[in-house]
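I opened the model to look up its overall dimensions and then its nonpolar interior. My entries follow in the order in which I checked things.

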Amino acid sequence: MSPQQDFKHGAPSFGDLIGQQGRCFYVPMYQRDFTWGSDQIERLFEDLFSGIDRVASGDNPSTFLGSVIFFDDRYAVDPGKDNALPTSVFHVVDGQQRLTTLLLLCSSLMREVHQVLAELEATQVLDSNPDPTTTWLSEILQTVSDRLLGALHWDHGQGDNGYRFKPRMIRQASDTWGNTMTDARYESDIAYYLHEIAKSRAQTSAHGPVIAPPSRPHLKLALDAIESTLARVQTEDIGCAALWELDFVSNVEACGRLLGRREQAPVEASSFSQFQLRGARLATIASFLFGHVKVIEVIAPTEEYAFTLFEPLNSTGQPLTPIETLKPLVVQAEGGGSNFLGSPSEEHLRAVDRYLPEDLEPAQRTRRLNSLITSFALVERGEKIGRVLLEQRSFLRQSYGSVAGMDLQTKRAFSEGLATTANFLNDYWDDDSPSMALLGDERTHLCLKVLTATRHTISIPLLVRYYERAEKTKADSHIKEFQHVLRSVTAFWTLWRTARTTTSGIDTEHRRLIGEGDAETGLPCLTRAEMSHEDLPKADEVRNALKGTLVRKLKISSAEDWINKVGAQSVYQTEKVLARYLLLLAHDDAIKLPDSPRQCRRGASGCAPTLNVATWKAHYTIEHMAPQSINSADTSYERAIYDDGLIDRLGNLLLPRRSSPARACATVDE
């Protein structure tokens, strides 16, 4: 298939996009709710008003509102009642906020247009000599009215009363196109509102106001913002001279451009009545909206292709997360929206949402999302994936899709694994005060603090595997195994990182242990896809594999080997957090030697504990005994300390505690 056949694209006007016979729009479940408020609506009106002025003067005829991305699939509607479905269903991958707002604008314009038409008709009935200006304007407004109604609904021709008019936009799970009250369901704000208008249209044809109920506060907020601006257009110049002055109605070309009618008004705008002024302004806004507001329309052949296009074209708003695009597959696996609610799969996705709440700062949410997906990919299948949303999205959907032919329990196990990873991150990795039920003691808790403070995220998958078992069974033996693995991983990280000037290689070793195991010690592959949590090897086997890695990769097989390596490193420069941890290790239950104040030895247990979270959180900072910068006039420190590069090594570091009456110091000799 050539690139030209992969997708269709164009730049239709809003009228052409929304007014196609039999075409409606379907917002997938993974899309966020409609959230545009007064600020975004105000900017939309600014674009409209600026465009109207340009068209009135003959310049720059179109206003572009960015790209919209769809894929056309009538049979992917869930649930889909074939006798009530539109001819063409465009699934909205990008653009639902703009489309929803424009539909609400059409509804407000329609109501006001009908009010003006009713008033103009009343004046014509009372007048024995019809006013040509009123006749001219009424014909324009009637055309506008028909287009507005067509934008809001598609007349299916089948259905009871208002159910014959199908809302142009509905949302998956919340809404269902139907021909009767029993079959149809319109619960989302946009579908509810459009259906209420359809019922009014069927019952009275008066097109009176449809009020947003208190139970739909955001719908009311958006409608109030739209209607407030439309009201101001009639009473003040809000920055659009063409609308306020209406001089263009005396120009044939300008009338053709703005009103779609190539004949000027019978009289100057200065002679218009109040209702004629109001009607002309409404007709101008609506005509401009249908004829000159354009979008870059991209119609992809499949949903996956639409996501591929979405990444480079999305320049506004927040991109859809991989979790949001996984959700419809999970819902489908459970048998649809009603079956999904209350299912184990919904519980799993709620756990993920708890870790990724909507109110998080964007940067923090992105960081959490990356930790979750990259960790889950490794622990689930041993796969390394990057931080590109498209790659993460593809991994989740394809991995979940690969179990589509299996039983529901297998599918639930996949989503449960994602939830388990999210729970560990939420309750332990990112929680400043995690539960001690699984951590057991202060030293294990401190190990977790060290790993999180050094952002050693590659250790998460291994920890998740043993956390999962401990959390599920609550057995003391499994809790101890989790603690043992946590301490082993921390020791491995500390020894590796302080013996080298870079972190190079350690991520590869962690991925190898998870995805392949360790042939030297017999540790099996630890991925969830290959091994259930019941069959996990003993923590000692993990510890031995980590020790073996130190021997093979760094030639560290004894304490002396490590001391020689760490003694040659400027630990302060390469890893300040671990330097602080090593000093606390050295000072734990240490007492000073009487004959050598700067030397320590181990004292009685509990005499001076430092390996606890309270000490870790205390106001200790790393400082140097011999200053980092030598003063030529200072002869109290040997020049060799500087010449030999000993300044940033552990033997020259101490931990003074700020704001303490006595300067408590921890140090370790090289």
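I took contact to mean heavy atoms within 4.5 Å. With neighbours within four places in sequence left aside, I found leucine 372 in contact with Ile323, Val352, Tyr355, Leu356, Leu418, Thr421, Ala422 and Leu425.

Before going on I noted that this is a predicted model, in which local features need pLDDT of at least 70 and side-chain atom pairs count only at pLDDT 80 or more, while totals for chains, interfaces and linings use all residues. Residues are numbered from 1 along each chain as its sequence is written, and side-chain values use heavy atoms, with hydrogens and water left out.

Next I looked up the largest nonpolar core (buried Ala, Val, Leu, Ile, Met, Phe, Trp, Tyr and Cys residues joined through side-chain atoms within 4.5 Å; buried is under 20% relative accessible area with a 1.4 Å probe, protein chains only). Among its 85 residues, Ile323, Leu372 and Phe424 touch the most other members. Helix α21, residues 476-498, gives the most to this core, with 8 residues (helices are DSSP runs of H or I, at least four residues, and strands are E runs of at least two, numbered from the N terminus). Apart from this core I found another, of 79 residues, including Ile41, Leu44, Cys240 and Leu259.

For the whole protein I recorded 28 helices and 14 strands. The radius of gyration, taken over C-alpha atoms, is 34 Å, well over the 26 Å that the globule rule (2.2 Å times the number of residues to the power 0.38) gives for 670 residues, so the protein is more spread out than a compact globule. Its C-alpha trace spans about 120 × 70 × 50 Å along the principal axes, and 51% of the 670 residues count as buried.

Notes: Buried means under 20% relative accessible area, exposed over 50%, partly exposed in between (1.4 Å probe, protein chains only).
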